[in-house]
Amino acid sequence: MKYIELQITSNFSFLRGASHPEELVEQAALYGYPVIAITDHNTLAGVVRAHVAAKAKGMRIIPGATLVLQDGPSLLALPTDKAAYGRLSRLLTTGNLRTEKGKCELYKNDVYTYQEGIQFIIVPPHELNDKFDFDNNFKQAVKEYKAAFGTSLSLAAVRTYQGLDQKRFFRLHELSRQYNIPLIATNDVHYHEQSRRELQDVLTCTREKCTITQAGFKLHANAERYMKAPEEMIRLFRQYPEAIDRTIEIANACQFSLDTLEYIYPEEILDKNKTPLQQLTDLAWQGATEHFGNTIPDSISKAIKHELTFIEEMNYASYFLTVYDIVKFARSQGILCQGRGSAANSTICYCLGITAVDPTKFDLLFERFISSARNEPPDIDVDFEHERREEVIQYIYNKYGRNRAAIVATVTQQHLKGALRDVGKAMGLSVDTLQQLSKAVNRHTDTFDEQLLIEQGLNPDDPNLRKVVALTNQMIGFPRQLGQHTGGFIITQDQLTDLCPILNARMEDRTNIEWNKDDIEALGFLKIDILALGMLTCIRKAFVLAREHYGLQLTLANIPQDDPRVYEMISNADTIGVFQIESRAQQSMLPRLRPKTFYDLVIEVAIVRPGPIQGDMVHPYLRRRNGEEAVEYPSKELEEILGKTLGVPLFQEQAMKIAIVAAEFTPAEADLLRRSMATFKAKGQVTQFEKKLIDGMVKNGYKPAFAQRVFRQLEGFGAYGFPESHAASFALLVYVSSWLKCFYPDVFASAILNSMPMGFYQPAQIVSDARNHGVEVRPVDINHSSWDNTLEEKSGLYCAMRLGFRQVSGLRENDINLLVQHRAAGYTSINQLYDAGLQLSTLEKLANADAFRSIGLDRRKALWEVSALHDHPIALFAGQPSETAYEAQITLPLMSMPEHVVQDYATTSLSLKAHPVSFLREQLSALHILTTQEVNNAVNGIPVKVAGLVLVRQRPGTASGVCFITIEDETGCCNLVVFQHIFTRFKSDITQSKLLMVEGMLQREGQVVHVIVSKCYNFSKLLRNMTVIPGSRDFK
Amino acid sequence: MTKRYISIWFRHLLTDWYIRKHPDAGDSPLVFSTQQRGRQLIHATSRKAENTGIYCGMAVADAKAIYPHLVITPYPPDQEHHLLTALGQWCIRYSPVVSIDLPDGLLIDASGCTHLWGGEHNYLAEITLKLSAYGYDVRAAMADTIGTAWAVARYGNDATIIPGGLERKALRPLPPAALRLDDTLLTKLQQLGFHKIEDFIHLPINALKRRFGQAFILRLKQALGGEREDILPLGIPSVYEERLSSLDPIKTAKAITIAITRLLDVICFKLQQEGKGIRTATLTCYRIDDQVVQISIGTNGASNNTTHLLKLFELKIPSLAPGPGIDLFILQALLVEDVISEQEKIWSATGSADNNITKLLDRIESKIGSGSIQRYQPAEHYWPELSIQPFTAPNDHQQVNAPRPDKLLPQPLPIEVTAPIPDYPPMLFRFMGQLHEIKKADGPERIEREWWLEDGAHRDYYIVEDAAGRRYWIFRLGHYAVSQTQWFIHGFFA
């Protein structure tokens, strides 16, 4: 060992460091450093990544931190052992919890409290005063630190190349002798290679909120803060060799490794005198009896025994018990939940009630999901009702305490847009140019190239813009802030703060740790995802309504399975509101796939995803399924993997298995491959893997084209991985929601509306869909509606649905509760509502929503009455007639039907009275524009004109610029497809239109009808004209 | 006497003004944009822009989607106020009582003025014609009340002159917005189906008042003439101009000086009251032979000090040819700025030294010509060529980040150097044929180029002292290279 770098700022010191921890480690490995320290500012957020990268390179990391103090010079803190590391973590926790999210407030005294076992290095200022000396405050602090830390203290010396290095070194040497503090050489590394200086300058600008031309001395003067080779450091410190030696001494003293952190499961989950395995065994058999009665099928008991053996072998019992405990709580509170993830669809999880996917229906081999090659915990995510998940979270906090349970972090990475904004601002791009560029980049593309500049009419040779492009691409993937994960919980037996610092989350009553799920996984800690799912809320609400109005006792597990009528409905793409399969893409797939069994739904859920689409696996699968192509397997070994999916890889597990079996990846490598694709930066690594995969597969006799497709599919999975195990859990919810929609459309529509916002569709579509299925929908009314949408007595096949006040924009639940409370025998006049304490503004909103019909007032009359209410006698004079009572009756201008409909849309975003387009039909017919119904019944290949309100406009990233539009008129909906070149040409019409008219070619494929658009016209003016009084002239 | 009011509506005030200034800008749609909560919104549109469907309040990005080649100009805050004030002052020729009507109009009290232009019709036509000739798209109307004039100007059809007593009739077909009501009221009226004023004007006042409030009634009454409405007239603009005539023609320098002193006294007194000072001033002298001669002065900082300004004029008097004699002096302060009164520093030994320097500089510059004096101050840049900037105004003392030479060469000059590698200080260098042996050296100070401006190698600067004790600032360009290592001298320390 020659020299060890002990002061390294990575990009986890946000807006300071300009290299990823992995890049720093790689560079260090290149220079032959056996060990380096990572010392980010008041955080340990980047150390695990560095640790993982270092292990791969056979290096070691000293996980440290730069302590930036409120009342003294900064200190580098390097823990020597596990206990000292725990103290450092607690110290940072103290600073974090003291202040708001994203900040850490530390004082000298805090450091003194937790100093034991930590090596400290004083970081002197880079500047000297007029007398070429350090100022007295600093010298005083050095003295104080010496008194506090004794021999565990060093004084850092950095070659800044700022002109005064000789003098600074002289002064540091003086101080070092005066207080007997050894000098230590560091290079205050901010980036791994010199070229990153530009990015570091840009980060500084973002931090200081200035442009690069204004930044001045806020920037570093030169590019010397890169990682230097040990030989160069030794040369720079040739006059102070002892400072070099000291780095070795400190590095040797700090032997703590993150690998020694141990995860211990909490004990509360155990009954007395039982081992975790005993308890799990008991619970599993108990659950099996509940599900299957006293005669447990052979296959089930075999599966349970098999799984228990495996769990015992891998020592996972505690993990299952922890999940079980949370699910048990949810069930006791009537909160609907459903597990998914690698282990969630096991027989044991079914017995424990963690999942409702029946293992007898669904043949999934347990080990297929848990890789025993890597000793890591299985992954179970549990979805809860989104409105009640917080109860579960608070249960966990209460049960284990905040010092033992916390949410893991998510590292928010710079996406292209954010990076572009930061770089562009720093580089002084005009707001307009920035907006132009920013609009042009799709949120999920992850590269930014000159092509984009050309498309936007910018000069790609402009040096400034070229810099922007280069720097933006460098910044993509940089961590920008620590957020809280959507629901990943870590629960420990001992103090969590000994493992990792805790910080305040932005949400009240939440705390999270500094590490994200990958970090946790790398260290082998347990994580449970407590996720929120809107559809579960909806299903629970539907179950309640079904009980109240139809006397059904439904659960996720007892919905009648495999009902052909449900599959028929799904095959007809009649899926508005249904979980997962309601999107345009899914709807156009359904009639082609025509699912008939539960497993078909699993495939349906997984197939319309970036993975299979990018891998070009969708069409081969459809052809094979429809018998248009022979089912064949690329090889014998792959038949086992691809048997269930007709030889076409559709699931993430399959693609990874192929990498292992066909390209001879180790399981760990395959996992790394998937992961490297999920992160934006590791481009070089991906290319290496691509070569390895394709070469490997070709070597083993596979066609290069197939290998390419598998690789692209893996790429697609990277960003939105969707394994079979998740698809299975989702498919259950697809089936349950479809079943509800199929047999109880009234119940289903109310439940969806009451769980909004969720799904793809607006309330208007849900309501019109319900009406199309024979549900009578009744308008909002002060005497009949509640906050939620409700079901009334049967009218026809189903109960009538009464719209609730939640559909009226601007109303608050509290006001409505007041209204409902005082309703008693029903209201007969507006005054009664006013007397009940409802505010005028609320009454006005009710009037505008036309909710006074049951007392004989239309919206205009009601508003006229409401606006006079404020001189209605109250308190002492209540009950006396007001002046208004003596007013002569006034005839208000009659409201036309179009005006009513427009008002309905303005207040409830839907109208039960009529469809706006119906008023324009005459005009449209005169222009030979068809109704959507006519279009949907027309024959293939004819040119059509059709117009309607724009419901949905989607441009999925996977569709190469194609825009899907759904329009609606009084007869139904129509699906439009706009190809890229047409979209570009009619962009403003498409994006500005409320009422869109298109010309195009009708394309019919079985039941699926599309209009391939060739021209677009913005007809919104017609809508406006509907309510404008002829003759009035408005110059504005 | 019945009052008669004119309301003028500038339909595209800002853009018309802009096009007037930049005639080319009128060729394509033009908008003014403002930043609101991080969004660029359209503040004003030209007629062309309006015709494409762009409206005020729209996001600039959306507008660009409609019309990609839209010309977007940042909105100068309060510009309407400035413009209307100027236009209003111009209108004072038609009536002494003119008021601005933000954001896009003027009000003129025309009572008793119209006969001078041959009646109301001609009067109104004259005003609209003149304003149109300036390039402003205006609509104007005249009525007994401000409210009706305002309403008709903006929403009326053809008749622009409403005879007294016909306000109600004129208002009836107009939309409620013509009554100058706020948006909440307008929405409410709209919801009730009151699309025109005639839909509700007949209703009992009490019923209306209960529902729409006092403000509504006030606006209605103001328009109908039931309620008096006053306007706040613009003042006459203040001009810093003084004149002094003498009975006998003045010829001598001394007499001219006295005249200037008197004029300066009056103007400076006025300026002092307002906290302003002169940046440029012109003395115009009318000679008895009908010739006009002028001298002008300029200062480096606004001044209202008679003595100082007089000194500046005195320097110019010799160039003033009095000819047969001057009988009228007019002194005009053309550019006037707020005087920044330096706070007295009690403990500062130099006191008003800075002020004295300014005065000295004014005088030197007056003598040898403007632009001949350059003063520099440090600029916050590492790169030496960029680290100084011309002095524009006194500001906070800027720091330099490291020791810098007293004399910085405008261009570094190449020198020959013997130096050990790779980055140790040199041992000797040859500059202008002379060999300097280096005795002491400090460095290197490594300075990188501002990469956003230029590419190129960094410089390693050394402060070196030769045997004679003179110090130099020299640098090596880039890293040491075997073939071509270039050294330069860039400055001298005292």
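**Reading strands, helices and contacts**

Student: Which residue is the bridge partner of A:Leu155 in strand 6 of chain A?

Tutor: A:Leu183 of strand 6 is the bridge partner of A:Leu155. Before we go on, this is a predicted model, in which local features need pLDDT of at least 70, side-chain atom pairs count only at pLDDT 80 or more, and totals for chains, interfaces and linings use all residues. Residues are numbered from 1 along each chain as its sequence is written, while chains are lettered from A and ligands numbered from 1 in the order in which they are written.

Student: What does it take for two strands to pair?

Tutor: In general, strands of a sheet pair through backbone hydrogen bonds, either parallel or antiparallel. The working rule is that DSSP finds at least two bridges between the two strands. Strands here are DSSP runs of E with at least two residues, and helices are runs of H or I with at least four, numbered from the N terminus. In our case, strand 5 (residues 153–158) and strand 6 of chain A run parallel and are joined by four bridges.

Student: In what order do the strands of that open sheet of six come in chain A?

Tutor: Read it as 1-2-3-4-5-6, with mixed pairing. Strand 1 (35–41) and strand 6 (183–186) of chain A are its edges, each pairing on one side only. From one strand to the next, the twist averages 35 degrees. For angles like these, axes are lines fitted to C-alpha atoms (for helices over the stretch in contact), and angles run from 0 to 180 degrees between N-to-C directions.

Student: Which helix lies across strand 1 to strand 6 of chain A?

Tutor: Helix 10 (residues 241–253) of chain A does, and it runs at about 85 degrees to strand 6 of chain A.

Student: How many strands are in the open sheet with strand 7 and strand 11 of chain A at its edges?

Tutor: Seven, in the order 7-8-13-10-9-12-11, again with mixed pairing. Strand 7 (337–340) and strand 11 (502–504) of chain A each pair on one side only. Neighbouring strands are turned by 45 degrees against each other on average, direction ignored. Inside the sheet, strand 9 (residues 405–413) and strand 12 (residues 511–516) of chain A pair in the parallel sense over two bridges. There, A:Ala409 stands opposite A:Asn516 in strand 12.

Student: Now helices. Are helix 16 and helix 17 of chain A roughly parallel or roughly antiparallel?

Tutor: Start with the angle classes: under 35 degrees counts as roughly parallel, over 145 as roughly antiparallel, 65 to 115 as roughly perpendicular and the rest as oblique. The axes of helix 16 (residues 416–426) and helix 17 (residues 431–440) of chain A come within 10 Å and cross at roughly 165 degrees. Therefore helix 16 of chain A is roughly antiparallel to helix 17 of chain A. Residues are in contact if their C-beta atoms, placed from the backbone, lie within 7 Å. By that rule helix 16 contributes A:Lys417, A:Leu420, A:Arg421 and A:Gly424, and helix 17 contributes A:Leu434, A:Leu437 and A:Ser438. Sorted by class, that is three nonpolar, two polar and two charged residues. Ala, Val, Leu, Ile, Met, Phe, Trp, Tyr, Cys and Pro count as nonpolar, Asp, Glu, Lys and Arg as charged, and the others, Gly among them, as polar.

Student: At what angle do helix 24 and helix 32 of chain A pack?

Tutor: Helix 24 (residues 598–607) and helix 32 (residues 724–743) of chain A pack at about 115 degrees, with their axes 8 Å apart. So helix 24 of chain A is roughly perpendicular to helix 32 of chain A. Among the contact residues are A:Phe598 and A:Leu601 of helix 24 and A:Phe730 and A:Tyr735 of helix 32. By class, this contact has 11 nonpolar, no polar and one charged residues.

Student: How many residues of chain B are in contact with chain A?

Tutor: 37 residues of chain B touch 42 of chain A. Strand 16 (434–447) is one of the chain B elements giving two or more residues, and its six residues are the largest share of that side. The side of chain B that touches chain A has 17 nonpolar, nine polar and 11 charged residues.

Student: Which strands pair with strand 16 of chain B?

Tutor: Strand 15 (residues 428–431) of chain B runs antiparallel to strand 16 and is joined to it by four bridges. Strand 17 (residues 459–466) of chain B also pairs with strand 16 in the antiparallel sense, over seven bridges. B:Phe431 stands opposite B:Gln434 in strand 16, and B:Glu445 stands opposite B:Tyr461 in strand 17.

Technical notes
Contact = placed C-beta atoms within 7 Å.
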